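Got your viewer open and your mouse ready? Here is a walk through one structure, stop by stop, with a note on what to select each time.

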Amino acid sequence: MSGTWNLIPKAEWIETDAQAQEAAEYLQQHARVNGLGTDTETTGTNLVKDVPLLMSLSDGNRRFAFWIQNLFRWNWLHEGVLRNPEIPKVGTKIKFDMHMCANIGIHIEGNLEDTLVMDWLYDENRTGRHGLKETAKDHCGLVMKDFKEVFPMRKATKKVPGETAGDAIMRVMADPVESLRGIEYAGLDAWGSVRVKMWLREQLSAIMMFPDRSLWQHFCDTEIPFTRVLFNMERRGITTCIGHLRAQSAPMDHDLHELEKEIVRHVGWPINPNSAVQLRKYFFEQMGYEPHRYTDGGASGIKQPSTDADTLIHFKDTKQCKVSSLMIKQREIAKAKSTYVDGLQDWVDRFFRIHTTLNQHVTVSGRLSSVEPNLQNIPRPDEDKFKIRAAFCAALGCVLVIADYDQLEMKLMAHFSQDPEMIGAIRSGKDLHCYTVALMYGENYEEVAEAKHCKEKKMTLTDRQKHLLLLRQAAKNTGFGLIYGIGPMKLASQLVDAKVFQPPRNEAELKENIKKAKDLINKYFMAFPGAKAFIDGTHQRCMETEYVQTLMGRFRRLPGINAKGGGGVDGEDGGGIAAEARRQAVNTIIQGTAADIAKQAMIVSEYDPVLNSIGAKLLLQIHDELIFEVEDDPEKVNTCKKRVQDIMEHPFGPDFELSVRLTAAAGSGYTWVDAK
DNA sequence: ACGAGATTCTGG
DNA sequence: TCCGCCAGAATCTCGT
């Protein structure tokens with residue numbers, strides 16, 4: 001494998017106009033077959049602040065490198081190659097390089113083929129190892145150098161601040177000897193990306209999602225256009241009312257100080273409320289409380305008594321523990337302040353917009369992930385005292401249009417299971433969870449639905465209605481549990497939390513609760529026998545093939561499904577690896593298909609002539625919710641809402657129907673809170 | 001000083 | 001007998 005090194009062509013440093021002309025002509029001829037490998041070395045990793053310094057291009061054979069500012073006079077390279085829509089661009093994390101280029105006014109056209117996404121389709125279980133270093137080595141036997149090896153950044157000392165990536169690049173490239181290594185490195189990623197793509201294209205072409213459709217076709221039809229959609233969304237960002245955040249910082253600090261002083265007074269020593277270790281000392285050693293639950297233990301499997309919110313609430317309720325109730329308040333404020341009120345401000349650009357990075361290749365199910373910052377876990381306004389979501393708003397002269405799917409995952413469960421009761425309930429417009437209460441507990445559907453209606457209208461509820469709503473909560477939990485593959489133990493503890501079951505006072509009562517939970521699951525399956533058949537059938541089929549597929553045919557490979565000690569095939573039992581794989585099998589079909597649907601709706605939206613004609617822009621996706629920005633004009637807002645709703649309800653065109661209709665609801669307003 | 005792992009909490 | 005799915009960020013703790 002090390003012999004592959006000999007195949008790496010020497011990097012060509014482009015300085016003269018003649019060299020650039022020759023390179024442009026060569027690439028125009030040769031870069032169409034395998035795409036144009038494109039990579040930049042930049043001043044840093046900030047999406048909006050950093051800029052590219054070096055650029056490298058490769059067709060998979062020759063590789064070129066040059067100072068990027070030369071593009072401004074090498075128009076034939078810029079216009080004829082980079083802006084040539086007929087030449088696909090290949091890269092690893094290519095959206096990032098696109099942002100860097102866009103930051104200095106260079107806009108790249110053509111298909112965006114990212115090896116991260118290819119490798120993810122090839123093996124979604126290689127979590128965190130889709131990068132070029134890993135794929136080049138694992139697939140092509142190529143050992144890639146680290147940026148830091150070639151451009152080592154001088155560490156900060158007491159007197160001198162540390163070097164930036166840009167400083168290191170400029171210093172190394174100014175040195176006649178060291179710059180040679182810089183040039184070699186700079187050209188390598190572009191070339192390596194093309195080689196890795198060639199290998200992955202071969203593999204993906206040979207893996208069939210359906211008899212007439214390969215994974216490579218899926219990549220070309222769906223994932224390539226989607227990469228461009230995500231880039232556009234990231235580029236736009238979302239306007240943030242930074243004042244709404246800034247104004248809350250000082251008062252929160254004050255409250256935190258007061259709370260911490262009072263906590264320390266009660267505890268007697270300077271305890272740090274953020275330290276689980278110190279909290280364990282206080283609660284379980286000093287106070288001698290019994291642990292309420294234990295931590296997961298992580299990779300090492302060492303389980304410790306937990307000091308999470310559940311536990312603090314438990315101590316507050318059962319022991320009237322003052323420290324617990326203070327801690328709960330402290331935690332709430334500390335979390336909101338550090339992650340959101342303060343944390344988000346660091347990401348606001350000079351136009352008051354935040355640009356997240358939307359990862360296409362991270363999750364095993366096919367969902368997006370959002371990082372730096374994560375805009376997919378902003379607190380919901382009903383729970384959140386600080387109304388963080390209201391800080392996200394439309395640009396001046398615009399409104400946000402927000403549309404979300406109604407019960408998408410439960411509808412997919414109905415579709416895949418073909419359960420007649422479930423399909424019937426949804427088709428007749430019933431609230432599924434209310435209907436489940438009726439089926440499971442023998443209550444009257446109308447009465448349960450009325451209780452939910454009263455709660456939504458914020459009317460005063462009778463005790464009977466409160467009880468029914470608890471049952472509905474339980475049914476909802478059981479329903480989601482169905483999708484997640486819940487066991488009787490977990491359901492029992494959930495129903496205790498929901499105050500449907502009595503808290504167990506001893507081992508026997510716990511057993512009793514678990515048995516009752518088991519009965520509920522059985523009842524649920526009696527009510528929806530199709531769901532039971534779907535789950536069992538999924539397990540069975542997965543054990544034969546060791547994978548499951550989403551609606552579009554994307555794979556989730558689950559080799560663990562046939563691990564030893566997995567128990568029977570009836571889904572009743574089975575521990576460890578195989579049981580986990582069984583849960584994942586069912587969940588992936590539902591969650592992964594939901595992701596497919598949202599993805600398709602986004603692609604269609606982005607290129608929709610109607611939405612484009614009114615200037616509606618897709619900004620964010622939160623799994624089953626899309627956020628658009630459009631001019632604040634009643635007609636345009638209405639058109640946008642209608643059109644988005646229509647696209648979301650028929651993402652695969654008017655002729656494609658599931659067993660239950662998809663429904664989406666759209667709202668509009670100046671902020672993320674008002675637009676829902 | 002830096003990085004990995006554990007814990008906690010946010011979302012769908 | 002053990003086990004609800006999929007994510008990311010902040011903070012603390014401990015090892016190097």
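In which helix is serine 417 found? Select serine 417 and look around it: the helix is H14, which covers residues 408–417. Before you go on, keep in mind that this is a predicted model.

**Stop 1: serine 417**

Stay on serine 417 for a moment. Is serine 417 buried or exposed? Serine 417 counts as buried because its relative accessible area is 9%, and the cut-off for buried is under 20%. Now show the side chain of serine 417 as sticks. You can trace it to the backbone oxygen of methionine 413, at 2.8 Å. The backbone oxygen of alanine 414 is reached too, at 3.4 Å. Next, light up the contacts of serine 417, skipping neighbours within four places in sequence: you should get Met422, Gly530, Ala531 and Phe534.

**Stop 2: threonine 357**

Jump to threonine 357, which sits in strand S11, residues 357–359. Threonine 357 has a relative accessible area of 16%, so this residue is buried. Which residues touch threonine 357, leaving aside neighbours within four places in sequence? Select Leu47, Lys95 and Glu234, then add the run Ser369, Ser370, Val371 and Glu372, and you have the set.

**Stop 3: strand S18 and its sheet**

Now select residues 625–631, which make up strand S18. Of the 7 residues in S18, 6 are buried, so the strand is largely enclosed by the rest of the structure. Colour the strands around S18 and you will find an open sheet of 4 strands, in the order S17-S18-S14-S19, with antiparallel pairing. Which strands stand at the edges of this sheet? They are S17 and S19 (664–669); each has a single partner strand, so one side of each is left without a neighbour in the sheet. If the sheet looks twisted to you, here's a number for that: neighbouring strands are turned by 25° against each other on average, direction ignored.

A bit of background while you turn the view: strands of a sheet pair through backbone hydrogen bonds, either parallel or antiparallel.

Check the two partners of S18 one at a time:

- Select S14 (residues 398–405): S14 and S18 run antiparallel, paired over 7 bridges. Within this pair, cysteine 398 has glutamate 631 of S18 as its bridge partner.
- Select S17 (residues 617–621): S17 and S18 are also antiparallel, over 4 bridges. Here lysine 617 faces glutamate 629 of S18, and leucine 618 is opposite phenylalanine 628 of S18.

Then zoom in on the hairpin that S17 and S18 make. How many residues lie between its strands? There are 3, and in this hairpin histidine 623 takes a positive phi near 65°.

**Stop 4: the six-stranded sheet**

Head over to another open sheet, this one with 6 strands in the order S1-S4-S3-S2-S5-S6 and with mixed pairing. Its edge strands are S1 (11–13) and S6 (112–114), each pairing on one side only. On average, neighbouring strands here are turned by 30° against each other, direction ignored. For a parallel pair, pick S1 and S4 (residues 63–67), which share 3 bridges. Tryptophan 13 is opposite alanine 65 of S4.

Switch the helices on too. Helix H7 (residues 165–174) lies across S1, S2 (36–42), S3 (52–58) and S4, at about 70° to S3. Helix H4 (residues 115–122) lies across S5 (89–91) and S6, running at about 55° to S6.

**Stop 5: DNA strand B**

Last stop: select DNA strand B and show what surrounds it. How many residues surround DNA strand B? There are 26, and the closest are Thr307, Arg331, Asn377, Arg380 and Asp624. Colour this surface by residue type and you get 9 nonpolar, 10 polar and 7 charged residues. Helix H13 (residues 322–342) gives the most to this surface, with 3 residues.

What part of the DNA does the protein meet? Of the atoms of DNA strand B within 4 Å of the protein, 85% belong to sugar or phosphate and the rest to bases. Try three pairs of atoms yourself:

- A polar backbone atom of serine 300 is 2.9 Å from a phosphate oxygen of DNA strand B.
- Asparagine 377 has a polar side-chain atom 2.6 Å from a base oxygen of DNA strand B.
- Glutamine 591 has a polar side-chain atom 3.3 Å from a base nitrogen of DNA strand B.

Note on methods: Residues are numbered from 1 along each chain as its sequence is written. Chains are lettered from A and ligands numbered from 1 in the order in which they are written. This is a predicted model: local features need pLDDT of at least 70, side-chain atom pairs count only at pLDDT 80 or more; totals for chains, interfaces and linings use all residues. Side-chain values use heavy atoms; hydrogens and water are left out. A residue is near a molecule or strand if one of its heavy atoms lies within 4 Å of it. A polar contact is a pair of N or O atoms within 3.5 Å; within protein, one must be able to donate a hydrogen and the other to accept it, and residues adjacent in sequence count only if both atoms are side-chain atoms. Helices (H or I, at least four residues) and strands (E, at least two) are DSSP runs, numbered from the N terminus. Ala, Val, Leu, Ile, Met, Phe, Trp, Tyr, Cys and Pro count as nonpolar, Asp, Glu, Lys and Arg as charged, and the others, Gly among them, as polar. Buried means under 20% relative accessible area, exposed over 50%, partly exposed in between (1.4 Å probe, protein chains only). Contact means heavy atoms within 4.5 Å. Two strands pair if DSSP finds at least two bridges between them. Axes are lines fitted to C-alpha atoms, for helices over the stretch in contact, and angles run from 0 to 180 degrees between N-to-C directions.
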